[in-house]
Amino acid sequence: MSPLDILASRLPADAISTDPQTLRNHAIDSWSLALLRRVRGDDLPEPCAILFPARTEEVATILAWASQTGTAVIPRGAGSGVCGGAQADPEAVVLDLSRMDRIGPVDPESQTVDVQAGVRGDRLEEALASRGLTTGHYPQSIAISTVGGWIAASSAGQASTGFGAIEDVLLGLTAVLPDGAILRLRPVPRSAAGPDLKRLLIGSEGTLAVVTEATLACRARPQAWEWLAFGYHDFATLAEALKDVKRAETGAAVLRGYDETDAQLGFGALQHTTGCVALAGFPAGPPGLDARKQAATEIMRRHGTDLGVRYGEHWWQHRNDAVRTYAQIMGPERAFGTGVIVDTMEVAGLWSTIPRLYHGIRTALSAHAQVVACHLSHLYPSGSSLYFTFLITGADDQDAETKYRQAWQQAATSCAQAGGTITHHHGVGRLKARFLEAELGETGASVLTRIRQAVDPAGIMNPAVIRL
(Lines give C-alpha, C1' and ligand atoms only; values in the text may rest on other atoms or scores of the structure.)
Protein backbone atom coordinates (compact mmCIF):
# COMPACT_ATOMS: atom_id res chain seq x y z
CA MET A 1 0.00 0.00 0.00
CA SER A 2 1.10 3.56 -0.70
CA PRO A 3 1.39 5.98 2.25
CA LEU A 4 -1.79 7.72 1.07
CA ASP A 5 -3.63 4.38 0.92
CA ILE A 6 -2.55 3.65 4.48
CA LEU A 7 -3.94 7.02 5.60
CA ALA A 8 -7.17 6.38 3.72
CA SER A 9 -7.66 3.17 5.67
CA ARG A 10 -7.58 5.18 8.90
CA LEU A 11 -10.02 7.94 7.92
CA PRO A 12 -13.68 8.16 6.84
CA ALA A 13 -14.26 7.29 3.19
CA ASP A 14 -14.76 10.87 1.99
CA ALA A 15 -11.91 12.47 3.94
CA ILE A 16 -9.33 12.37 1.12
CA SER A 17 -9.58 13.89 -2.35
CA THR A 18 -7.21 13.64 -5.28
CA ASP A 19 -9.66 15.17 -7.74
CA PRO A 20 -7.64 17.38 -10.15
CA GLN A 21 -9.88 20.44 -9.77
CA THR A 22 -9.87 20.14 -6.00
CA LEU A 23 -6.08 19.92 -6.02
CA ARG A 24 -5.89 23.03 -8.20
CA ASN A 25 -8.32 24.98 -6.02
CA HIS A 26 -6.20 24.23 -2.95
CA ALA A 27 -2.81 24.93 -4.51
CA ILE A 28 -2.69 28.62 -3.52
CA ASP A 29 -4.33 31.06 -1.14
CA SER A 30 -5.09 34.74 -1.84
CA TRP A 31 -1.52 36.05 -2.05
CA SER A 32 -1.34 38.60 -4.87
CA LEU A 33 1.75 37.11 -6.45
CA ALA A 34 0.27 33.60 -6.52
CA LEU A 35 -2.93 34.94 -8.08
CA LEU A 36 -0.91 36.83 -10.70
CA ARG A 37 1.04 33.71 -11.58
CA ARG A 38 -2.15 31.69 -11.89
CA VAL A 39 -3.97 34.09 -14.20
CA ARG A 40 -0.94 34.41 -16.46
CA GLY A 41 -0.87 30.62 -16.84
CA ASP A 42 2.14 29.56 -14.77
CA ASP A 43 2.40 25.87 -13.92
CA LEU A 44 1.91 26.14 -10.14
CA PRO A 45 2.79 23.29 -7.76
CA GLU A 46 -0.18 21.26 -6.60
CA PRO A 47 -0.46 19.02 -3.53
CA CYS A 48 -0.72 15.25 -3.79
CA ALA A 49 -3.99 15.18 -1.84
CA ILE A 50 -6.51 17.29 0.06
CA LEU A 51 -7.59 16.03 3.48
CA PHE A 52 -10.95 16.94 5.02
CA PRO A 53 -11.04 16.07 8.73
CA ALA A 54 -14.22 16.71 10.71
CA ARG A 55 -12.91 16.05 14.24
CA THR A 56 -9.80 16.75 16.28
CA GLU A 57 -9.10 13.02 16.48
CA GLU A 58 -8.97 12.78 12.67
CA VAL A 59 -6.43 15.61 12.58
CA ALA A 60 -4.38 13.67 15.13
CA THR A 61 -4.50 10.60 12.89
CA ILE A 62 -3.34 12.64 9.91
CA LEU A 63 -0.42 14.32 11.67
CA ALA A 64 0.78 11.09 13.26
CA TRP A 65 0.79 9.52 9.78
CA ALA A 66 2.57 12.56 8.32
CA SER A 67 5.31 12.43 10.94
CA GLN A 68 5.80 8.71 10.33
CA THR A 69 5.99 9.10 6.55
CA GLY A 70 7.75 12.49 6.42
CA THR A 71 4.88 14.07 4.47
CA ALA A 72 4.62 17.85 4.61
CA VAL A 73 1.27 19.20 5.81
CA ILE A 74 -0.14 22.58 4.75
CA PRO A 75 -3.01 23.60 7.08
CA ARG A 76 -5.75 25.62 5.36
CA GLY A 77 -8.79 27.46 6.63
CA ALA A 78 -10.71 29.34 3.94
CA GLY A 79 -7.73 30.33 1.78
CA SER A 80 -8.14 34.07 2.41
CA GLY A 81 -4.56 34.65 3.59
CA VAL A 82 -2.66 37.22 1.54
CA CYS A 83 0.94 36.28 2.39
CA GLY A 84 1.28 32.81 0.87
CA GLY A 85 0.82 30.97 4.15
CA ALA A 86 -1.17 28.15 2.53
CA GLN A 87 0.77 27.53 -0.69
CA ALA A 88 1.02 23.88 -1.69
CA ASP A 89 4.06 21.81 -2.66
CA PRO A 90 3.96 18.72 -4.93
CA GLU A 91 4.72 16.13 -2.24
CA ALA A 92 2.61 17.82 0.45
CA VAL A 93 -0.96 17.28 1.59
CA VAL A 94 -3.28 20.20 2.28
CA LEU A 95 -5.23 19.88 5.52
CA ASP A 96 -8.54 21.61 4.80
CA LEU A 97 -10.42 22.37 8.05
CA SER A 98 -13.63 23.57 6.39
CA ARG A 99 -15.64 20.59 7.65
CA MET A 100 -14.75 21.46 11.23
CA ASP A 101 -17.52 24.04 11.37
CA ARG A 102 -19.43 23.33 14.57
CA ILE A 103 -20.54 26.35 16.63
CA GLY A 104 -21.38 25.99 20.32
CA PRO A 105 -22.09 25.46 23.03
CA VAL A 106 -22.45 29.04 24.23
CA ASP A 107 -21.91 29.74 27.93
CA PRO A 108 -24.28 32.68 28.56
CA GLU A 109 -23.08 33.27 32.12
CA SER A 110 -19.41 33.49 31.15
CA GLN A 111 -20.23 34.97 27.73
CA THR A 112 -18.06 32.49 25.82
CA VAL A 113 -18.54 30.30 22.77
CA ASP A 114 -16.85 27.04 21.78
CA VAL A 115 -16.14 26.64 18.07
CA GLN A 116 -14.26 24.38 15.73
CA ALA A 117 -11.44 25.99 13.80
CA GLY A 118 -13.12 25.83 10.40
CA VAL A 119 -16.02 28.12 11.37
CA ARG A 120 -16.27 31.19 9.15
CA GLY A 121 -16.53 34.55 10.84
CA ASP A 122 -19.83 35.58 9.29
CA ARG A 123 -21.52 32.33 10.38
CA LEU A 124 -20.20 32.75 13.90
CA GLU A 125 -21.51 36.31 14.16
CA GLU A 126 -24.91 35.28 12.81
CA ALA A 127 -25.16 32.53 15.42
CA LEU A 128 -24.15 34.84 18.26
CA ALA A 129 -26.48 37.64 17.11
CA SER A 130 -29.50 35.52 18.00
CA ARG A 131 -28.27 35.61 21.60
CA GLY A 132 -27.45 39.31 21.59
CA LEU A 133 -23.71 38.57 21.59
CA THR A 134 -20.65 39.20 19.42
CA THR A 135 -16.98 38.35 19.57
CA GLY A 136 -16.21 41.90 18.48
CA HIS A 137 -13.70 40.46 16.02
CA TYR A 138 -14.52 41.86 12.58
CA PRO A 139 -11.70 41.39 10.05
CA GLN A 140 -12.38 42.73 6.58
CA SER A 141 -12.28 39.11 5.40
CA ILE A 142 -14.90 38.00 7.96
CA ALA A 143 -17.06 36.24 5.34
CA ILE A 144 -14.14 34.32 3.83
CA SER A 145 -11.91 33.61 6.85
CA THR A 146 -12.07 31.16 9.74
CA VAL A 147 -11.44 31.14 13.46
CA GLY A 148 -8.45 28.86 12.94
CA GLY A 149 -7.06 31.24 10.35
CA TRP A 150 -7.47 34.17 12.73
CA ILE A 151 -5.42 32.37 15.35
CA ALA A 152 -2.80 31.16 12.88
CA ALA A 153 -2.18 34.63 11.43
CA SER A 154 -2.61 36.64 14.68
CA SER A 155 -5.61 38.47 13.27
CA ALA A 156 -6.98 41.87 14.29
CA GLY A 157 -10.49 43.03 13.43
CA GLN A 158 -11.77 46.44 12.42
CA ALA A 159 -12.89 47.20 15.99
CA SER A 160 -9.67 46.02 17.65
CA THR A 161 -9.02 49.51 19.03
CA GLY A 162 -11.90 48.98 21.43
CA PHE A 163 -12.54 45.22 21.47
CA GLY A 164 -9.01 43.84 21.18
CA ALA A 165 -7.37 41.49 18.67
CA ILE A 166 -7.55 37.69 18.52
CA GLU A 167 -5.17 37.25 21.49
CA ASP A 168 -7.66 39.22 23.60
CA VAL A 169 -10.61 37.12 22.45
CA LEU A 170 -9.04 33.65 22.61
CA LEU A 171 -9.51 32.06 26.04
CA GLY A 172 -8.63 28.43 25.37
CA LEU A 173 -7.89 26.06 22.53
CA THR A 174 -7.31 22.53 21.38
CA ALA A 175 -4.45 21.85 19.00
CA VAL A 176 -2.80 18.80 17.49
CA LEU A 177 0.99 18.61 17.61
CA PRO A 178 3.07 17.25 14.71
CA ASP A 179 3.32 13.77 16.23
CA GLY A 180 -0.46 13.53 16.64
CA ALA A 181 -0.58 14.37 20.35
CA ILE A 182 -3.58 16.49 21.34
CA LEU A 183 -2.91 19.63 23.38
CA ARG A 184 -5.85 20.99 25.35
CA LEU A 185 -5.49 24.42 26.96
CA ARG A 186 -8.48 25.10 29.19
CA PRO A 187 -10.39 28.37 28.79
CA VAL A 188 -9.59 30.86 31.54
CA PRO A 189 -9.51 34.67 31.53
CA ARG A 190 -5.81 34.69 32.43
CA SER A 191 -3.18 32.33 33.79
CA ALA A 192 0.30 32.61 35.28
CA ALA A 193 0.92 28.86 35.07
CA GLY A 194 4.19 29.08 33.19
CA PRO A 195 4.77 30.46 29.69
CA ASP A 196 1.57 31.02 27.74
CA LEU A 197 1.42 28.10 25.30
CA LYS A 198 -1.76 29.50 23.81
CA ARG A 199 0.05 32.70 22.88
CA LEU A 200 2.89 30.68 21.36
CA LEU A 201 0.47 29.22 18.82
CA ILE A 202 -1.08 32.57 17.91
CA GLY A 203 0.68 33.70 14.74
CA SER A 204 2.47 30.37 14.25
CA GLU A 205 0.75 29.81 10.86
CA GLY A 206 0.50 26.05 11.19
CA THR A 207 4.23 25.56 11.80
CA LEU A 208 3.96 24.26 15.38
CA ALA A 209 0.52 22.66 15.56
CA VAL A 210 -2.93 22.64 13.97
CA VAL A 211 -5.51 24.47 16.07
CA THR A 212 -8.77 22.52 15.84
CA GLU A 213 -11.04 24.05 18.51
CA ALA A 214 -11.24 27.33 20.40
CA THR A 215 -13.13 29.03 23.17
CA LEU A 216 -13.72 32.70 22.42
CA ALA A 217 -14.82 35.53 24.68
CA CYS A 218 -18.02 37.31 23.71
CA ARG A 219 -19.59 40.62 24.68
CA ALA A 220 -22.96 42.30 24.36
CA ARG A 221 -23.68 43.01 20.71
CA PRO A 222 -23.77 46.79 20.06
CA GLN A 223 -27.32 48.03 19.62
CA ALA A 224 -26.07 50.45 16.99
CA TRP A 225 -23.01 52.49 16.05
CA GLU A 226 -22.61 56.25 16.35
CA TRP A 227 -20.01 58.10 14.30
CA LEU A 228 -17.76 61.13 14.23
CA ALA A 229 -15.81 62.18 11.15
CA PHE A 230 -13.38 65.05 10.73
CA GLY A 231 -11.26 66.27 7.85
CA TYR A 232 -7.60 67.31 8.14
CA HIS A 233 -5.11 69.01 5.88
CA ASP A 234 -2.30 66.54 6.56
CA PHE A 235 -1.76 63.01 7.84
CA ALA A 236 0.46 64.00 10.79
CA THR A 237 -2.23 66.23 12.29
CA LEU A 238 -4.83 63.52 11.78
CA ALA A 239 -2.63 60.92 13.51
CA GLU A 240 -2.05 63.22 16.46
CA ALA A 241 -5.79 63.75 16.88
CA LEU A 242 -6.59 60.04 16.81
CA LYS A 243 -3.76 59.30 19.25
CA ASP A 244 -5.28 61.79 21.68
CA VAL A 245 -8.76 60.31 21.24
CA LYS A 246 -7.40 56.86 22.06
CA ARG A 247 -5.50 58.06 25.11
CA ALA A 248 -8.50 60.01 26.40
CA GLU A 249 -10.31 56.67 26.87
CA THR A 250 -13.39 57.86 25.03
CA GLY A 251 -14.58 54.31 24.37
CA ALA A 252 -14.29 54.58 20.59
CA ALA A 253 -14.06 50.98 19.40
CA VAL A 254 -13.25 52.00 15.83
CA LEU A 255 -10.63 54.63 15.07
CA ARG A 256 -9.44 55.05 11.50
CA GLY A 257 -7.44 57.75 9.76
CA TYR A 258 -7.07 57.98 5.97
CA ASP A 259 -4.41 59.87 4.09
CA GLU A 260 -5.59 61.96 1.16
CA THR A 261 -5.26 59.17 -1.42
CA ASP A 262 -7.03 56.58 0.71
CA ALA A 263 -9.75 59.08 1.59
CA GLN A 264 -10.44 59.68 -2.08
CA LEU A 265 -10.62 55.93 -2.70
CA GLY A 266 -12.82 55.24 0.29
CA PHE A 267 -15.14 58.23 0.23
CA GLY A 268 -15.26 59.27 -3.41
CA ALA A 269 -18.92 58.26 -3.50
CA LEU A 270 -19.54 61.07 -1.01
CA GLN A 271 -17.87 63.58 -3.37
CA HIS A 272 -14.84 63.73 -1.13
CA THR A 273 -12.07 65.29 -3.20
CA THR A 274 -9.34 66.60 -0.92
CA GLY A 275 -7.82 66.21 2.51
CA CYS A 276 -7.46 63.39 5.05
CA VAL A 277 -10.34 61.81 6.96
CA ALA A 278 -10.54 60.55 10.56
CA LEU A 279 -13.37 58.34 11.81
CA ALA A 280 -14.41 57.44 15.35
CA GLY A 281 -17.05 54.77 15.92
CA PHE A 282 -18.81 54.26 19.24
CA PRO A 283 -20.92 51.21 20.12
CA ALA A 284 -24.29 52.37 21.43
CA GLY A 285 -25.34 50.90 24.75
CA PRO A 286 -22.57 51.46 27.31
CA PRO A 287 -23.28 54.37 29.69
CA GLY A 288 -21.86 57.83 29.20
CA LEU A 289 -21.91 57.72 25.41
CA ASP A 290 -22.84 61.38 24.94
CA ALA A 291 -20.08 62.61 27.25
CA ARG A 292 -17.50 60.32 25.67
CA LYS A 293 -18.46 61.40 22.16
CA GLN A 294 -18.25 65.03 23.23
CA ALA A 295 -14.76 64.49 24.61
CA ALA A 296 -13.68 62.93 21.31
CA THR A 297 -15.35 65.72 19.34
CA GLU A 298 -13.47 68.40 21.26
CA ILE A 299 -10.16 66.69 20.52
CA MET A 300 -10.87 66.10 16.85
CA ARG A 301 -12.19 69.57 16.09
CA ARG A 302 -9.07 71.35 17.43
CA HIS A 303 -7.44 71.12 14.02
CA GLY A 304 -10.15 69.35 12.01
CA THR A 305 -13.35 70.12 10.15
CA ASP A 306 -16.54 68.29 11.09
CA LEU A 307 -17.70 66.09 8.21
CA GLY A 308 -20.87 64.77 9.84
CA VAL A 309 -22.02 61.21 10.48
CA ARG A 310 -22.39 60.10 6.86
CA TYR A 311 -18.69 59.25 6.47
CA GLY A 312 -18.85 56.75 9.29
CA GLU A 313 -22.15 55.31 8.11
CA HIS A 314 -20.75 54.95 4.59
CA TRP A 315 -17.64 53.18 5.84
CA TRP A 316 -19.64 50.77 8.01
CA GLN A 317 -21.91 49.86 5.11
CA HIS A 318 -19.04 49.36 2.65
CA ARG A 319 -16.23 48.35 5.00
CA ASN A 320 -15.66 44.97 3.35
CA ASP A 321 -16.12 45.96 -0.29
CA ALA A 322 -12.38 45.86 -0.88
CA VAL A 323 -12.47 42.06 -0.70
CA ARG A 324 -14.64 41.94 -3.81
CA THR A 325 -12.64 44.65 -5.57
CA TYR A 326 -9.40 42.75 -4.93
CA ALA A 327 -10.92 39.59 -6.41
CA GLN A 328 -12.02 41.50 -9.50
CA ILE A 329 -8.53 42.92 -10.08
CA MET A 330 -6.50 39.80 -9.29
CA GLY A 331 -8.98 37.13 -10.37
CA PRO A 332 -9.71 35.67 -13.82
CA GLU A 333 -11.69 38.69 -15.01
CA ARG A 334 -8.66 40.99 -14.46
CA ALA A 335 -10.72 44.15 -14.20
CA PHE A 336 -7.66 46.40 -14.68
CA GLY A 337 -6.10 44.27 -17.43
CA THR A 338 -2.76 42.47 -17.60
CA GLY A 339 0.44 43.70 -16.00
CA VAL A 340 -1.36 44.88 -12.87
CA ILE A 341 -0.86 43.69 -9.30
CA VAL A 342 -2.49 45.06 -6.12
CA ASP A 343 -1.37 44.27 -2.60
CA THR A 344 -1.46 45.55 0.97
CA MET A 345 1.27 46.04 3.56
CA GLU A 346 0.28 46.43 7.21
CA VAL A 347 3.01 47.47 9.60
CA ALA A 348 3.03 48.89 13.12
CA GLY A 349 5.21 51.01 15.36
CA LEU A 350 5.34 53.29 18.37
CA TRP A 351 3.87 56.74 17.99
CA SER A 352 7.37 58.21 17.92
CA THR A 353 8.13 56.12 14.81
CA ILE A 354 4.82 56.57 12.96
CA PRO A 355 5.88 59.67 10.97
CA ARG A 356 9.07 57.95 9.76
CA LEU A 357 7.23 54.71 9.04
CA TYR A 358 4.57 56.48 7.02
CA HIS A 359 6.85 58.65 4.91
CA GLY A 360 9.57 56.02 4.49
CA ILE A 361 7.31 53.20 3.36
CA ARG A 362 5.16 55.45 1.23
CA THR A 363 8.27 56.72 -0.54
CA ALA A 364 9.61 53.19 -1.00
CA LEU A 365 6.37 51.88 -2.48
CA SER A 366 5.89 54.96 -4.66
CA ALA A 367 9.20 54.25 -6.38
CA HIS A 368 7.55 51.23 -8.00
CA ALA A 369 3.77 51.69 -7.65
CA GLN A 370 1.41 53.99 -9.49
CA VAL A 371 -0.99 54.30 -6.53
CA VAL A 372 -0.11 54.21 -2.82
CA ALA A 373 -2.73 54.81 -0.15
CA CYS A 374 -2.54 54.46 3.64
CA HIS A 375 -4.68 54.51 6.74
CA LEU A 376 -4.34 54.08 10.48
CA SER A 377 -6.75 51.39 11.64
CA HIS A 378 -5.62 49.66 14.86
CA LEU A 379 -4.66 52.14 17.56
CA TYR A 380 -3.02 51.68 20.96
CA PRO A 381 -1.94 54.16 23.62
CA SER A 382 1.69 53.48 22.62
CA GLY A 383 1.38 53.26 18.85
CA SER A 384 -0.61 52.21 15.80
CA SER A 385 -0.68 50.15 12.67
CA LEU A 386 -0.28 51.63 9.21
CA TYR A 387 -2.13 49.86 6.40
CA PHE A 388 -0.82 50.57 2.90
CA THR A 389 -2.59 49.61 -0.32
CA PHE A 390 -0.58 49.85 -3.52
CA LEU A 391 -1.13 49.20 -7.22
CA ILE A 392 1.70 48.37 -9.59
CA THR A 393 1.50 48.33 -13.36
CA GLY A 394 4.14 46.79 -15.59
CA ALA A 395 4.72 46.37 -19.29
CA ASP A 396 3.45 42.81 -18.79
CA ASP A 397 2.83 40.38 -15.92
CA GLN A 398 6.50 39.47 -15.58
CA ASP A 399 7.52 43.11 -15.37
CA ALA A 400 4.79 43.66 -12.76
CA GLU A 401 6.18 40.80 -10.67
CA THR A 402 9.69 42.25 -10.82
CA LYS A 403 8.47 45.66 -9.68
CA TYR A 404 6.35 44.01 -6.98
CA ARG A 405 9.36 42.21 -5.49
CA GLN A 406 11.42 45.38 -5.61
CA ALA A 407 8.65 47.35 -3.91
CA TRP A 408 8.38 44.86 -1.06
CA GLN A 409 12.14 44.71 -0.57
CA GLN A 410 12.53 48.47 -0.43
CA ALA A 411 9.46 49.00 1.78
CA ALA A 412 10.47 46.24 4.22
CA THR A 413 13.94 47.75 4.52
CA SER A 414 12.42 51.14 5.23
CA CYS A 415 10.15 49.62 7.87
CA ALA A 416 13.08 48.00 9.66
CA GLN A 417 15.14 51.20 9.55
CA ALA A 418 12.26 53.14 11.12
CA GLY A 419 11.87 50.61 13.94
CA GLY A 420 8.52 49.13 12.89
CA THR A 421 7.27 45.56 12.64
CA ILE A 422 6.83 44.10 9.18
CA THR A 423 3.33 42.81 9.93
CA HIS A 424 0.56 43.80 12.32
CA HIS A 425 -2.15 41.23 11.53
CA HIS A 426 -1.67 39.50 8.16
CA GLY A 427 1.18 37.24 9.27
CA VAL A 428 4.41 36.24 7.54
CA GLY A 429 3.70 33.38 5.13
CA ARG A 430 6.16 32.99 2.28
CA LEU A 431 5.96 36.64 1.28
CA LYS A 432 7.68 38.11 4.35
CA ALA A 433 9.80 35.14 5.46
CA ARG A 434 12.95 36.69 4.01
CA PHE A 435 12.49 39.77 6.20
CA LEU A 436 11.90 37.91 9.45
CA GLU A 437 15.49 37.47 10.60
CA ALA A 438 16.17 41.19 10.23
CA GLU A 439 13.22 41.88 12.54
CA LEU A 440 13.87 39.18 15.15
CA GLY A 441 17.62 39.55 15.15
CA GLU A 442 20.11 36.68 15.04
CA THR A 443 19.32 35.50 18.56
CA GLY A 444 15.55 35.78 18.12
CA ALA A 445 15.70 33.89 14.85
CA SER A 446 17.74 31.15 16.52
CA VAL A 447 15.21 30.81 19.34
CA LEU A 448 12.32 30.47 16.88
CA THR A 449 14.24 27.90 14.83
CA ARG A 450 15.01 25.83 17.92
CA ILE A 451 11.37 25.89 19.03
CA ARG A 452 10.29 24.60 15.62
CA GLN A 453 12.93 21.88 15.65
CA ALA A 454 11.90 20.76 19.15
CA VAL A 455 8.16 20.66 18.41
CA ASP A 456 8.44 19.38 14.84
CA PRO A 457 11.66 17.36 14.49
CA ALA A 458 10.44 15.78 11.26
CA GLY A 459 9.95 19.23 9.71
CA ILE A 460 6.50 18.44 8.30
CA MET A 461 4.50 21.47 9.45
CA ASN A 462 4.07 24.08 6.72
CA PRO A 463 7.83 23.97 6.15
CA ALA A 464 8.14 26.89 3.71
CA VAL A 465 6.34 29.36 6.00
CA ILE A 466 8.13 31.59 8.58
CA ARG A 467 11.29 29.85 7.39
CA LEU A 468 14.55 31.39 8.57
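Leaving aside its neighbours within four places in sequence, which residues is Ile 361 in contact with? Select Ile 361 to begin, and you will find Met 345, Val 347, Arg 356, Phe 388, Ala 411, Ser 414 and Cys 415 in contact with Ile 361, where contact means heavy atoms within 4.5 Å. The model is predicted, so local features need pLDDT of at least 70 and side-chain atom pairs count only at pLDDT 80 or more, whereas totals for chains, interfaces and linings use all residues. Residues are numbered from 1 along each chain as its sequence is written, and side-chain values use heavy atoms, with hydrogens and water left out.

Next, add Met 300, Leu 386, Phe 390 and Tyr 404 to the selection; together with Met 345, Ile 361 and Phe 388 they touch the most other members of the largest nonpolar core, which has 66 residues. Such a core is a set of buried Ala, Val, Leu, Ile, Met, Phe, Trp, Tyr and Cys residues joined through side-chain atoms within 4.5 Å; buried means under 20% relative accessible area, exposed over 50%, and partly exposed in between, with a 1.4 Å probe and protein chains only. Helix α16 (residues 397-418) gives this core its largest share, eight residues; helices (H or I, at least four residues) and strands (E, at least two) are DSSP runs, numbered from the N terminus. A second, separate core of 41 residues includes Leu 208, Ala 209, Cys 218 and Ala 253.

Now select strand β10 (residues 210-217), which is largely enclosed by the rest of the structure because six of its eight residues are buried. Two strands pair if DSSP finds at least two bridges between them. On β6 (residues 112-116), which runs antiparallel to β10 and is joined to it by five bridges, look for Thr 112, which stands opposite Ala 217. Strand β8 (residues 170-176) is also antiparallel to β10, with six bridges, and there Leu 170 has Leu 216 as its bridge partner.

For the backbone, move to strand β5 (residues 103-107), which holds Pro 105; the peptide bond from Gly 104 to Pro 105 is cis, with omega near 10 degrees. Then select Glu 205, in the loop between α9 (197-201) and β10, which has a positive phi of about 55 degrees although it is not a glycine, and which is buried at a relative accessible area of 10%. Finish at Asn 462, in the segment after α17 (433-455), where phi is near 40 degrees and the relative accessible area is 1%.
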